[in-house]
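Subject: Structure handover and notes

Dear colleague,

I am passing on the structure we spoke about, and my notes on it follow below. Please open it beside this message and read the two together.

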Amino acid sequence: MVDSTSKPSKDDSLSPKEEREMRETLRDIFATDFPNPERRECPENAEAKLKALAWLRRFPEAQQIISHLGSCSPCYQEHEEFVRQRKSRQTLYRLAAVAVLVVGVGFWASWRFLTSGGTILPQPAPIVQTPQSQPQTPEPPVQEKQPPEVQVAVLDLTKRGVARGESNNSQGDLVLPIGRLKLSIYLPIGSEEGAYEVRIAGRGHSLKAKCQAAVRDHITVLTVGADTSAFEAGRYVLAIRQVGWGWYRYPLKMK
Ligand SMILES: [Zn+2]
């Protein structure tokens, strides 16, 4: 059991390589752990919607479909494929823009050469701008800083009850910081010890982890490492289940 209350040291921080491996494992889990051969609860016209999502379009059902991706491997795989296509398309656009620029400069140079009667005269530099309008990679900017510190965070669900489905509650939002987290989740009173799964999904991001719950001072506590560095601020859904049982969902705000 990881003690989430102790201060993190260098030794218990994941290296970038380990982090990458963890992300790949998560991706594998999403891609295979929810077979759904009958495509139950898949959105209508799924292909078009998954594609729209991969191209980061806004549309009314987007949030719902993002949540669905966390529990349907076929849809997740299709979505990943569309994301891959988008990225290779954007690389192509960029190469094309560079090619246009190179050809343009070539033409300009030959034209200058011809119109100056064979001698290139010193001229002010041509106004050639790198195309600004080409599609920008919508990935979050790479932050050039050392691996972020692990933050200790607590989510208290003890008074939230165990309403199934998306519960609207009057106790305010659950709030999590963005970053590398050592998360302690105090489960609703009466929750059993044992193996659990935790999922945070929304806004095109999702994260899933398996962990153990143990009773501490009469409270059942789940302790789990979660890296939400790639997440953006906003609303998400926290889903928790004891392995083999149904999911409980809680609205969650990341900031
Ligand atoms: Zn589906």
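To begin with helix α4, what covers its buried residues includes the helices α1 (16-32), α2 and α3; here helices (H or I, at least four residues) and strands (E, at least two) are DSSP runs, numbered from the N terminus. Buried means under 20% relative accessible area, exposed over 50%, and partly exposed in between, with a 1.4 Å probe and protein chains only. Please keep in mind that this is a predicted model, in which local features need pLDDT of at least 70 and side-chain atom pairs count only at pLDDT 80 or more, while totals for chains, interfaces and linings use all residues. Residues are numbered from 1 along each chain as its sequence is written, and side-chain values use heavy atoms, with hydrogens and water left out.

Helix α4 has 43 residues and reaches 63 Å from its first C-alpha to its last, close to the 63 Å expected at 1.5 Å a residue, where the expected span is 1.5 Å times one less than the number of residues. Among the buried residues of α4 are Cys75, Tyr76, His79, Phe82, Val83 and Arg86.

Cys75 also belongs to the metal site, since the zinc ion is coordinated by Cys42 (SG), His68 (NE2), Cys72 (SG) and Cys75 (SG), at 2.0 to 2.3 Å. Donors are N, O and S atoms within 2.8 Å of the metal (3.2 Å for Na, K and Ca), and water is not among the atoms, so sites may look incomplete. The 4 donor atoms subtend angles of 106 to 115°, which makes the arrangement tetrahedral, a term that requires all angles between four donors to lie between 85 and 135 degrees. Along the sequence, the donor residues follow the spacing C-x25-H-x3-C-x2-C, and both His68 and Cys75 are buried.

In helix α2 (residues 46-54), the buried residues include Lys49, Leu50 and Leu53, and what covers the buried residues of this helix includes α3 (62-69) and α4 (73-115). Lys49 counts as buried because its relative accessibility is 17%. Leaving aside its neighbours within four places in sequence, Lys49 is in contact (heavy atoms within 4.5 Å) with Pro43, Glu44, Phe59, Glu61 and Ile65. Just after α2, Leu56 takes a positive phi of about 60°.

Finally, Leu176 lies in strand β3 (residues 174-176) and, at 0% relative accessibility, counts as buried. Its C-alpha atom is separated by 9.3 Å from that of Thr228, 52 residues apart along the chain.

With best wishes

How values were computed: Four donors count as tetrahedral if all angles lie between 85 and 135 degrees; four count as square planar and six as octahedral if opposite donors are over 155 degrees apart and all others between 65 and 115; anything else is irregular.
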